[in-house]
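Biologist: I'd like to learn how to read a few features of a model like this. Can we go through them one at a time?

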Amino acid sequence: MRIEIADYCIRCGICEDCYPDIYKRNYEDHCMDILVEEVTPDLEERVKGSIADCAVAAIRLVK
Ligand code: SF4
């Protein structure tokens, strides 16, 4: 599985603040970078946490 962030992300940065090993603000391109290509089982719970924490539900897991 991998992470996708929808275009309607408001770039609040909460995901980076809580999970800086997974998300990073990209100030040049005005988007959020995803730092992990593949969501390994050990990361899955934290990614699900970030999905729950995103106020606009912009993060999702895709196969
Ligand atoms: S928490 Fe959600 S809205 Fe905020 S930057 Fe991350 S993906 Fe975007």
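Modeller: Sure. Start with burial: a residue counts as buried if 20 or more other C-beta atoms lie within 10 Å of its own, exposed if 12 or fewer, and partly exposed in between. Keep in mind that this is a predicted model.

Biologist: Okay, let's try that on Arg11. How many other C-beta atoms lie within 10 Å of Arg11?

Modeller: There are 15, so Arg11 is partly exposed. Arg11 sits in the loop between β1 (2-5) and α1 (14-18).

Biologist: What about backbone angles? What sign does phi usually have?

Modeller: Most residues other than glycine have a negative phi. Here, Arg11 has a positive phi, near 55 degrees. Ala57 also has a positive phi, near 55 degrees.

Biologist: Where is Ala57 found, and is Ala57 buried or exposed?

Modeller: Ala57 is in the loop between α2 (41-53) and β4 (59-62). With 11 other C-beta atoms within 10 Å, Ala57 is exposed.

Biologist: Now the inside. Which residues make up the largest nonpolar core?

Modeller: A core here is a set of buried nonpolar residues joined through C-beta atoms within 7 Å. The largest has eight residues: Ile3, Cys15, Ile22, Tyr23, Met32, Val47, Cys54 and Ile59. Take Ile22: leaving aside neighbours within four places in sequence, its contacts are Ile34, Leu35, Val36, Arg46, Val47 and Ser50.

Biologist: And the ligand? Which residues come nearest?

Modeller: Of the 13 residues around the ligand, those are Cys9, Cys12, Ile14, Cys15 and Cys54. By type, the shell splits into eleven nonpolar, one polar and one charged.

How values were computed: Residues are numbered from 1 along each chain as its sequence is written. This is a predicted model: local features need pLDDT of at least 70, side-chain atom pairs count only at pLDDT 80 or more; totals for chains, interfaces and linings use all residues. Helices (H or I, at least four residues) and strands (E, at least two) are DSSP runs, numbered from the N terminus. Two residues are in contact if their C-beta atoms, placed from the backbone, lie within 7 Å. A residue is near a molecule or strand if its C-beta atom, placed from the backbone, lies within 6 Å of it. Ala, Val, Leu, Ile, Met, Phe, Trp, Tyr, Cys and Pro count as nonpolar, Asp, Glu, Lys and Arg as charged, and the others, Gly among them, as polar.
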